[in-house]
Amino acid sequence: MMIRVLAIDDEPLALQQLASYIEKIPFLQLVAECQSALEARTIMNEEQIDAIFVDINMPDLSGMDFVRSLAAPPLVVFTTAYSEYAVEGFRVNAIDYLLKPFGLDDFKRAANKVKAQYDLLNTAVVSAVDEDDALFLKTEYKVVRINVADIRYVEGMSEYLRIYLEGQPKPLIVLLAMKKLEERLPSASFMRIHRSYLINLKKIQEVNKNRVIMDADTYLPIGDMYKEAFNQYLSTKFLGK
């Protein structure tokens with residue numbers, strides 16, 4: 001499976017070199033080259049992006065602040081000419097850190113780290129939904145069985161998911177990509193309504209403007225790119241004028 005990535009750098013020559021390195025890695029697919037974090041944000045709202053290679057030192061919005069602003073960041077590799085950013089980069093769960101000027105060998109090592117983490121995120125499901133409508137997931141060095149019908153909603157948090165279950169005060173936290181879990185759950189009952197949220201449609205209590213209300217304390221936003229599909233679902237259930 002190809003890993004879909006963005007190259008982000010405000011310097012045209014550096015961006016061109018970064019893009020050329022990405023295109024030399026067989027398991028990376030370059031979705032777009034971006035000269036600002038704001039441009040990257042627009043693309044990420046419309047496209048599934050698995051990883052970003054992003055310069056820290058950019059005007060308007062730095063790469064570090066950009067990653068911190070994302071509700072569910074993809075895998076991140078920072079690039080910069082200033083070594084003092086390395087420790088701070090790892091504090092935001094960066095996969096790797098490339099100090100400019102870096103060569104293809106350095107880039108390959110970072111790309112391989114991205115692939116290793118991507119593979120881990122996409123193999124954390126032990127089994128698909130079985131005949132009992134249950135799912136087995138790895139969490140905290142053990143394998144747990146959950147009933148699919150008990151899932152209320154799922155929240156993406158960087159590389160992890162928080163799975164909120166009926167009758168459980170605390171969410172189950174698993175190292176897993178949202179896309180992978182979404183593929184395993186029955187589409188008739190579960191729908192992505194936001195980059196960071198996947199909900200059990202049977203647990204909805206109310207829809208109010210651009211929010212889905214799951215209970216008195218849980219109001220989940222509906223993302224722009226998910227509105228049409230969600231409204232189509234509502235139209236199949238709607239009665240009255």
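Here are three short exercises on salt bridges and nonpolar cores, each with a worked solution.

This is a predicted model, where local features need pLDDT of at least 70, side-chain atom pairs count only at pLDDT 80 or more, and totals for chains, interfaces and linings use all residues. Residues are numbered from 1 along each chain as its sequence is written, and side-chain values use heavy atoms, with hydrogens and water left out.

**Exercise 1. Find which parts of the chain Glu 47 and Arg 4 link.**

Step 1: Start with the term. A salt bridge here is a side-chain nitrogen of Lys or Arg within 4 Å of a carboxyl oxygen of Asp or Glu. The structure holds 12 of them.

Step 2: Check the pair. The side chains of Glu 47 and Arg 4 form a salt bridge at 2.7 Å, N to O.

Step 3: Place the two ends. Glu 47 is in the loop between α2 (37–46) and β3 (51–55), while Arg 4 is in strand β1 (residues 3–8), so to speak 43 residues away. Helices (H or I, at least four residues) and strands (E, at least two) are DSSP runs, numbered from the N terminus.

**Exercise 2. Work out whether Lys 179 and Asp 50 are buried or partly exposed.**

Step 1: Confirm the bridge. Lys 179 and Asp 50 meet through their side chains at 3.5 Å, N to O.

Step 2: Locate them. Lys 179 lies in helix α6 (residues 178–184) and Asp 50 in the loop between α2 and β3, so this pair ties together parts 129 residues apart in sequence.

Step 3: Apply the cut-offs: buried is under 20% relative accessible area, exposed is over 50%, and partly exposed is in between (1.4 Å probe, protein chains only). Lys 179 has 22% relative accessibility, so it's partly exposed. Asp 50 has 8%, so it's buried.

**Exercise 3. Say which element gives the most residues to the largest nonpolar core.**

Step 1: Pin down the term. A nonpolar core is a set of buried Ala, Val, Leu, Ile, Met, Phe, Trp, Tyr and Cys residues joined through side-chain atoms within 4.5 Å.

Step 2: Look at the members. The largest core has 25 residues, and those touching the most other members are Ile 3, Ile 22, Leu 28, Phe 53, Phe 107 and Val 114.

Step 3: Sort by element. β1, α1 (12–23), β3, β4 (75–80) and α5 (104–121) each supply at least two residues, and α5 gives the most, with 6.

Step 4: Don't stop there. A second, separate core of 22 residues includes Cys 34, Ala 37, Met 44 and Tyr 97.
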